[in-house]
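Got your viewer open? Let's take a short walk through this structure, one selection at a time.

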Amino acid sequence: MEKQEKKPLKFGAKVKEFFRKRLVSLKVNTHIIPLIFMIVTMLVFNLSLTKFSNSTAVINVPGMGFVTFIIVLCSYLSIITYLSAYPRHQKTRLFSIIVTIVMLVASIVCDALYHYYIRYGTEIKEGAIEPTAFTITASNVCIVHIILLSISILLIVTLPIYKKWLNKINTKVETDEIKIDKIDLSNE
């Protein structure tokens, strides 16, 4: 008996099949989109943590270190809590989603407070210091982090909407099917 060899797919067909498989995976696990965005948001803040610690050391307003600690803590815990919100083959845990959103809002408030501390130490307070490279960077990262956190919250809240949109996309594979109308099971 000879084995039939599969024809190798052309490059364009391979690329098309690769993206089709990723889209099917995304349709099944749509909650991955906000998760990836939250991870990127956490990395934006945590990779700039040296600038924050230097700014805290230079400005030295009481509460700056505590606010930074809360932001870092909420960054990690919000991701962990969000992961627990979507267990496999079980109902979505709404409480975990609410806790995640609360932690993201707490991070936004703490970012705004840290940004105010930088402004206070460099502009408002008597004997204010000159802004340095890290204070300017930390101030900019605060603003960017607030924007990214807001987008993360928006992605979490609107998840049911774009999940419906993704499910409308046709990802079926076109095959040559043989249709059988009737099956005769009688013994003739």
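Start by selecting Ile80, which counts as exposed at 55% relative accessibility, because the bar for exposed is over 50%. Now show the helix around this residue: Ile80 belongs to helix 4, which covers residues 64-84. Keep in mind as you look around that this is a predicted model.

Next, add Phe66, Phe69, Leu73 and Leu77 to your selection of Ile80. These five residues make up a nonpolar patch on the surface. Together, they have about 500 Å² of accessible area.

Now for some rings. The structure holds 5 aromatic pairs. Pick Tyr82 and Tyr86 to see an edge-to-face pair, with 5.3 Å from centre to centre and 65° between the planes. Are these two tyrosines buried or exposed? Tyr82 and Tyr86 are both buried.

For another arrangement, go to Tyr116 and Tyr117. Their ring centres are 6.5 Å apart and their planes sit at 50°, so this pair is tilted. Try colouring the two residues separately: Tyr116 is partly exposed, with a relative accessibility of 41%, whereas Tyr117 is buried, at a relative accessible area of 15%.

While you're on aromatics, select Phe45, Phe52 and Tyr114 together. What do these three form? They make one aromatic cluster.

Let's go back to Tyr82 and Tyr86 and pick up a residue that touches them. His31 is in contact with Tyr82, Tyr86 and Leu159, if you leave aside its neighbours within four places in sequence. Where along the chain should you look for His31? You'll find His31 in the loop between helix 1 (11-28) and helix 2 (32-46). His31 has a relative accessible area of 19%, so it counts as buried, since the cut-off is under 20%.

For the last stop, jump to Lys163 in helix 7, which runs over residues 159-167. Lys163 is partly exposed, with a relative accessible area of 34%. Which residues does Lys163 touch, not counting those up to four places away in sequence? Show Lys27 and Thr30, and you have the answer.

Before you leave, draw a distance between the C-alpha atoms of Lys163 and Val28. They are 135 residues apart along the chain, and the separation of these atoms is 9.1 Å. Val28 is also a handy way back to an earlier stop, as helix 1 (11-28) leads into the loop with His31.

Definitions and conventions
Residues numbered from 1 in each chain as written. Predicted model: local features only at pLDDT ≥ 70, side-chain atom pairs only at ≥ 80, totals over all residues. Heavy atoms only, no water. Helix = DSSP H or I, 4+ residues; strand = E, 2+ residues; numbered from the N terminus. Buried < 20%, exposed > 50% of the residue type's maximum accessible area, 1.4 Å probe, protein only. Contact = heavy atoms within 4.5 Å. Phe/Tyr/Trp six-rings, centres within 6.5 Å; stacked < 30°, edge-to-face > 60°. Patch = residues over 30% accessible without salt bridge, like charges linked within 9 Å, V, L, I, M, F, W, Y side chains within 5 Å. Areas by Shrake-Rupley, 256 points an atom, 1.4 Å probe, with all protein chains shown as cover. Salt bridge = Lys/Arg side-chain N within 4 Å of Asp/Glu carboxyl O.
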